[in-house]
Amino acid sequence: MNSFNLKKYKSEISKCVKCGTCTSICPVYRETLQESVSARGKMSLIEAFLEGEIGASSILDKRLRQCVQCTKCIEECPNGIPVDIILFSAWRALKEKLPTPLWKNFAFEKALSGAGIPAAAGFLYRNFGGLSAILPVEALKRKVSRRKPLKFKTTKLNSGKKIGFYPGCMIDSMYPEILSYVREIFARLGYEMIIPSRLVCCGLPQMSTGNVELARRNALVNMNAFKDAKVDVIITACATCLSTVRKKYPLLLEDTPALKVYEKFMDLSEFLAGEKGLENFPEAEGKFTYHDPCHLARELKIKEEPREIIKKISAGNFAEADSSELCCGFGGSFNFENYSLSMNICSHLVKALKDTGAETVITSCPACMWQIEDGISRSNSGMNVMHLAEFVLRGALNADTDKR
Ligand code: SF4
Ligand code: SF4
């Protein structure tokens with residue numbers, strides 16, 4: 001696939017003038033102070049690899065993978081170097097020369113790419129304790145509670161608009177209650193919501209192992225499923241899935257313009273911010289703050305919409321955290337492979353969120369939720385973490401309970 005051919009990026013890589021802007025803002029560099037993990041260091045390593053000065057090795061692979069994919073370096077680089085696409089291309093090039101660890105092959109390539117958003121992903125996410133015996137993954141040793149889909153009574157639909165929903169692996173398998181909240185929000189707003197049965201993982205975990213071909217296959221499956229469903233708009237409640245669809249699918253599907261279904265994708269907040277019916281949702285009680293997922297705020301510039309919704313439903317009881325620059329530290333497989341480092345990155349965010357005095361942190365990404373929940377429990381700060389979909393319904397659900 002031409003878009004992820006590392007050699008194609010030689011001239012882009014050579015645009016790195018070693019100015020160091022990226023080092024000052026890289027969360028991994030800030031923790032490690034290792035030049036080789038900054039975007040500047042990574043560009044130098046990849047350049048040396050392309051010139052044949054260094055060969056493929058596990059050390060090179062490790063350095064290039066020490067990245068939380070926050071895209072801060074891309075935003076700040078004065079020469080606009082597409083660090084993320086260059087890294088995906090480098091991981092792909094290294095995969096041709098180095099064996100993929102067994103656990104990664106199983107978790108990211110086999111389990112997450114089965115038919116339907118797979119039961120195997122549920123097994124993976126919900127049985128971390130058991131899997132930790134065979135997988136070398138620190139994060140998996142934590143006990144993760146089994147969550148259940150919720151049941152609501154609202155079913156009345158009165159709109160001709162068909163809304164497709166793409167849950168993604170994290171919601172489908174680890175936070176199924178978010179799917180229930182989204183379904184209930186659309187039911188209360190009068191929309192029909194459709195989830196095609198053939199959906200698979202968005203493809204980002206496969207791109208992270210360097211298996212771009214498998215990611216493309218997943219993109220094709222997902223786009224064909226939504227094309228056949230003939231929906232008007234496709235909503236996600238996962239910042240990572242949305243950024244993959246909007247930013248990577250055009251590259252993965254470069255030669256299949258008929259599948260531009262990805263243009264119909266929207267974040268839940270983008271859709272709800274323009275919904276008049278939201279004014280009828282009762283206010284939620286409490287004091288709230290919001291965490292910007294990197295993939296949503298930085299990559300897709302979706303910042304105002306979630307705040308608009310929160311301010312509307314929280315009666316203005318919203319406190320902005322001094323954390324717009326802070327990443328949660330999850331970074332897909334980064335958390336699995338660099339657990340302590342990942343949690344150190346998260347600790348700065350947790351402190352900023354705690355300093356707001358808010359009781360509840362709202363965010364728009366299940367991966368951020370997972371990480372912040374972990375960070376908060378490690379800091380004993382006692383805050384709650386909530387997806388925006390749950391927040392939107394909180395007041396309405398409390399009102400329903402009061403009536404009973
Ligand atoms: S900001 Fe861009 S040009 Fe400057 S060192 Fe980093 S990657 Fe190179
Ligand atoms: S994407 Fe983020 S973590 Fe990765 S190199 Fe750039 S600034 Fe560092």
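Two residues are in contact here if their C-beta atoms, placed from the backbone, lie within 7 Å. That definition is needed for the stop at helix 4. The model on screen is predicted.

**Whole chain**

Start with a cartoon of the protein, which shows 22 helices and seven strands. Of its 404 residues, 49% are buried. Among contacts between residues at least 6 apart in sequence, 78% join residues at least 24 apart.

**Ligand 1**

Select ligand 1 and the residues around it. There are 14 of them, and the nearest are Cys16, Cys19, Cys22, Arg40 and Cys77. Helix 2 (21-25) and helix 4 (39-50) are the elements that give two or more residues to this shell. Helix 4 contributes the most, with three residues. Colour the shell around ligand 1 by class: nine residues are nonpolar, three are polar and two are charged.

Next, select Lys18, in the loop between helix 1 (10-13) and helix 2. Its phi is near 60 degrees, a positive value in a residue other than glycine. Lys18 counts as exposed because it has 11 C-beta neighbours inside 10 Å.

**Helix 4**

Now select helix 4, a run of 12 residues. From its first C-alpha to its last it reaches 16 Å, close to the 16 Å expected at 1.5 Å a residue. Which residues of helix 4 are buried? They are Ala39, Arg40, Gly41, Lys42, Met43, Leu45, Ile46 and Phe49. Arg40 therefore appears twice on this tour, as a buried residue of helix 4 and among those nearest ligand 1, with burial meaning 20 or more other C-beta atoms within 10 Å.

To see what covers the buried residues of helix 4, display helix 1, helix 2, helix 5 (58-65), helix 6 and helix 7, which are included in the cover. Just after helix 4, select Gly52, which takes a positive phi of about 80 degrees.

Step back to the loop between helix 3 and helix 4, where Leu33 is found. Leu33 is another residue other than glycine with a positive phi, near 55 degrees. Is Leu33 buried or exposed? With 10 C-beta neighbours inside 10 Å, Leu33 counts as exposed.

**Ligand 2**

Move to ligand 2, which is surrounded by 13 residues. The closest are Cys26, Cys67, Cys70, Lys72 and Cys73. Helix 3 (27-32) and helix 6 (72-76) each supply at least two residues of this shell. By class, the shell around ligand 2 has 10 nonpolar residues, two polar and one charged.

**The largest nonpolar core**

Hide the ligands and select the largest nonpolar core, a set of 118 residues. Those with the most contacts inside it are Ala90, Val182, Ile372, Ala389 and Val392. Helix 7 (residues 83-95) provides the largest share of this core, nine residues.

Centre the view on Val392. What is Val392 in contact with, leaving aside its neighbours within four places in sequence? The partners are Ile185, Leu272, Phe281, Ile309 and Ile313.

**Strand 1 and its partners**

Select strand 1 (residues 162-166). Four of its five residues are buried, so strand 1 is largely enclosed by the rest of the structure. Add strand 2 (residues 192-194), which runs parallel to strand 1 and is joined to it by three bridges. In this pairing, Lys162 has Glu192 as its bridge partner.

Then add strand 3 (residues 233-236), also parallel to strand 1, with four bridges between the two. Here Gly164 stands opposite Ile234.

**Helix 14**

Select residues 212-229, which form helix 14. The helix has 18 residues and reaches 26 Å from its first C-alpha to its last, close to the 26 Å expected at 1.5 Å a residue. Its buried residues are Val212, Leu214, Ala215, Arg216, Asn218, Ala219, Asn222, Met223 and Phe226. An α-helix has 3.6 residues a turn, so residues three or four places apart point the same way. Among the buried residues of helix 14, look along Ala215, Ala219, Asn222 and Phe226 with that spacing in mind. Just after helix 14, Lys230 takes a positive phi of about 50 degrees.

**Last stop: Glu320**

Finish at Glu320, in the loop between helix 18 (304-313) and helix 19 (333-337). Glu320 has 11 C-beta neighbours inside 10 Å and therefore counts as exposed. Add Tyr290 and draw a distance between the two C-alpha atoms: the separation is 6.9 Å, for residues 30 apart along the chain.

Methods: Residues numbered from 1 in each chain as written. Chains lettered and ligands numbered in written order. Predicted model: local features only at pLDDT ≥ 70, side-chain atom pairs only at ≥ 80, totals over all residues. Near = placed C-beta within 6 Å. Nonpolar A, V, L, I, M, F, W, Y, C, P; charged D, E, K, R; others polar. Expected span 1.5 Å × (residues − 1). Buried ≥ 20, exposed ≤ 12 C-beta atoms within 10 Å, placed from the backbone. Core = buried A, V, L, I, M, F, W, Y, C linked by C-beta atoms within 7 Å. Pairing = 2+ DSSP bridges.
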